[in-house]
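This report looks at enclosed space, cysteines, strand pairing and a few individual residues in one protein model. The sequence and structure come first, and the description comes after them.

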Amino acid sequence: MGKGKGKNQKGLRAAVKQDLKAHDDEVSTYIPENLFYNAEEKTIALFIFLSSAVIYIYTMYPGLPGGDSGELMATAIDFGVSHPPGYPLFTTMAAIMINLFPIGTTAWKLNLMSATIAAVANVIMYLNVKRFSGSDAAGLLATGWCGFSRVFWMWNIQGEVFSFSNFFASLILYAAWRFANAEGKEGKFYEAKVGALICGLSLTNQHTSVLYIFPTSLWVLFVLYKYDLADFKSLFQVGLRGLAGLSPYLQLPISSFFFKARVSWGDHRMFSDFKKHLLREDFGTFRLVSSTEQSTLIDNFMVYFADSSKELTVIVWLLFVASIVAALLLGTSKQRETMSIYVVMFATYHMVFCSLANIKNPSGIYHGVLERFWLQPSIALCTVAGCGVGMLFTAIKVKLNCPAIKVLFLSLAVVAIGYQIQRNYVDCNENDNYHFWHYSRHILPHLPKRSILLTSGDFSTNTFRYHTIGEDYRTDVMVMDMQFMKAYWFYIMLMPVNWPDVSFPGLYKPGIGATYPYYNLKKFLDENYDRFPTYMCVSVPDGENSIDGYYEAWPFGMCKKFVRLSDNPDPLEHLENMPYIDLDDMPLPDPDRYEPQTWEYTMMVSMLETYSKPAVFIWKKANDIKNPALKLVYYKKAFTMMTENRAHVFERIEDGRLSANVKYFISPMEKQLGHVALIIYSIEKNKPDKAYWEKACRTHWSNYVEWHRDEIIPKDNMWSTIQSVISAKDFSNLRLV
């Protein structure tokens, strides 16, 4: 009986082994379809790639863009780790591009890489729509309309992670179509493995890809179960491909162990730090900023609807809805299945992201931060709309049975794309945009050798990082991010590589309450002031009051210089020795071209605000002076500087145009001039001079009121005072300038 049982077990094992072998033979005999069905399709795809690449490359930034680009580029040079979640795929590809591509600066090379990847993404969207609907014209139309909308075009021409995000979003949608249409058990299994690899890789570039991947994975598992492919071995093989796709994340610990990067986030030799970085725990997973503010799903979706309607037009939304209805009611079973998963991806992205994105009432650069995360759902939006248009085109072509109809549809697609390019070309042509290059090159040359330059935030920090590391310019200037100085890994990973001679007495913590092992700004300056001239291209951090009475940050060109008050520095002498801010050498971004959500607009605001700071500085110093004669000298100096600033800013506005954007810069100057003139009037002894200052006060305040005439309740606590001064009967004969 025992022998019989043994024979039965052997027979069972043999049957299982034979069954597994048959399974392996079955799933390994699948031959995937060609990427292109025919020469015509290949020709159109090549046309899309080449035309997209040519336009993107022609209009791309010639040098450094704004935002995170400077950090991503500087990080890639030394194979460091970028800000959470690390972007290891981008860093690896960028490092390869920097070291192997023979021509151009680092910035130009990585802008070129993004433009090329974006052109490939356009081809994938074309193939997806073509496969779904059978229409070349619809595929061409969808990819051109999407790829040359303003927000896509803008992010496709700069060295950033978002062209890769668009590439993977299109690829995931295409992989879903291939899986839905794969024939038989072997086809489903093969496409599931390829899709898992794509999904893994996409997560190493942008975590929001998981909002596409999660619903798609559930659908794939259900289909595999129906095809008896949900056994351990099959799922293990699929999962193994997914893990292989995640392998670029090994770059984080490899960088920390083996590379001495000059710019890098974190110490990833410990799993806890790796996990913290991966999940963006400092910001909150899927949170955009480290803020307790919260917006609602509806609020964020309405922002997306408004933005996408502006960029892609409401027509795309109408086509999106019509395409869903047409596919579900008139499509084949494969079309219905594919369309369903596309819609679920789109809905999942918005339900999760719009619930967690914590930028409330986005405006200015925060609107720009939010709008770049609209790229991935807009890929699905345009793909679905294109599929519906393709179904219509295909139905008309079959009904009319006329070869010329295809040429007509292709011609209409080309005309529509031409209109989209013409519509956005001026806003997206950055081939002469050297604004960030000029900004850095206007500041760094004026700093003494071996200076410390304290920064914070993306704009100034990343600009200086790139130029000192990416172009080896003024490498002696020690650029330090004050946010980094709060982290323990700053002192382990970055300080020994970059600043071994600088004294850091612990971990940085703003405020007078900082005690060991922490230090505040005063302690840092006490340790280093006599050895290294110290400057700051950012406002003093909130809560940093430790320097009060000991040090002050005085204007120094576009930055500030720390001065020690015990040395009794002379403000007027300081201004005489300060670098002149020459706006002719550092052209302002056009205020009528760049919208408030762009980094160019942010730069323009920063430049013009900084331009007026020396005059405001002297004004504030005058307030502290007790000697009336010296006080009057300071006030008159401030007024003269403000008047020159106002005139120069007017000159810098192209053709003298005063757009709504410019009000932000001019009206505060008018208010300040009126205020200083009133103060001078109150202390002036000479009657003829008093009349001059009286008129100056009323003139500038009248101009200020004129700027805000259309505002119902101006947000200004001096508004009633200004109105009462202007409306006094003694001023009735004054005319506005």
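The text below goes through cavities, cysteines, two strands and two helix residues in turn.

**Cavities**

The model is a predicted one, and the structure holds eight cavities of 30 Å³ or more. The largest cavity has a volume of about 120 Å³, and of the 15 residues that line the largest cavity, Met154, Trp155, Gln597, Thr598 and Trp599 are the closest to its centre. Three helices each give two or more residues to this lining, namely H7 (150-156), H17 (365-371) and H25 (599-624). Which helix supplies the largest share of the lining of the largest cavity? That share, four residues, comes from H17. In chemical character, the lining of the largest cavity divides into seven nonpolar, five polar and three charged residues.

**Cysteines**

A search of the whole structure finds one disulfide, formed by Cys537 and Cys559, whose sulfur atoms lie 1.6 Å apart. The pair links distant parts of the chain, 22 residues apart, with Cys537 in the loop between strand E5 (534-536) and strand E6 (551-556), and Cys559 in strand E7 (residues 559-564). Cys537 counts as buried because its relative accessibility is 9%, and Cys559 is buried as well, with a relative accessible area of 4%. Cys354, by contrast, is in no disulfide, and the nearest cysteine sulfur, that of Cys382, is 16 Å away. A disulfide requires two cysteine sulfur atoms within 2.5 Å, and the 16 Å between the sulfur atoms of Cys354 and Cys382 does not meet that cut-off. Cys354 is nevertheless buried, at 0% relative accessibility, and Cys697 is likewise buried, at 3%.

The accessibility values of these four cysteines are set out together below.

| Residue | Relative accessibility | Class |
|---|---|---|
| Cys537 | 9% | buried |
| Cys559 | 4% | buried |
| Cys354 | 0% | buried |
| Cys697 | 3% | buried |

**Strands E1 and E2**

Strand E1 (residues 452-455) pairs with E2 in the parallel sense, over four bridges, and within this pairing the bridge partner of Leu454 in E2 is Met480. In a regular strand the side chains alternate between the two faces of the sheet. Strand E2 (residues 478-481) has Met478 and Met480 pointing one way, whereas Val479 and Asp481 point the other way, and all of them are buried. Met480 therefore appears both as the bridge partner of Leu454 and as one of the buried residues of E2.

**Two helix residues**

Thr348 lies in helix H16 (residues 333-356). Is Thr348 buried or exposed? Thr348 is buried, because its relative accessible area of 14% falls under the 20% limit for that class. Setting aside residues up to four places away in sequence, Thr348 touches Leu211 and Pro215.

Lys397 is found in helix H18 (residues 375-400) and is partly exposed, with a relative accessible area of 29%. With residues up to four places away in sequence again left out, Lys397 touches Gly134, Cys402, Ile405 and Lys406. How far apart are Lys397 and Phe79 in space, C-alpha to C-alpha? The distance between Lys397 and Phe79 is 53 Å, and in sequence they are 318 residues apart.

Note on methods. Residues numbered from 1 in each chain as written. Predicted model: local features only at pLDDT ≥ 70, side-chain atom pairs only at ≥ 80, totals over all residues. Heavy atoms only, no water. 1 Å grid on protein atoms, 1.4 Å probe; cavity = no way out; pocket = protein on both sides within 12 Å on 5 of 7 lines; lining within 4 Å. Points joined across faces, edges and corners; volume = space filled by probe spheres on them. Nonpolar A, V, L, I, M, F, W, Y, C, P; charged D, E, K, R; others polar. Buried < 20%, exposed > 50% of the residue type's maximum accessible area, 1.4 Å probe, protein only. Contact = heavy atoms within 4.5 Å. Pairing = 2+ DSSP bridges.
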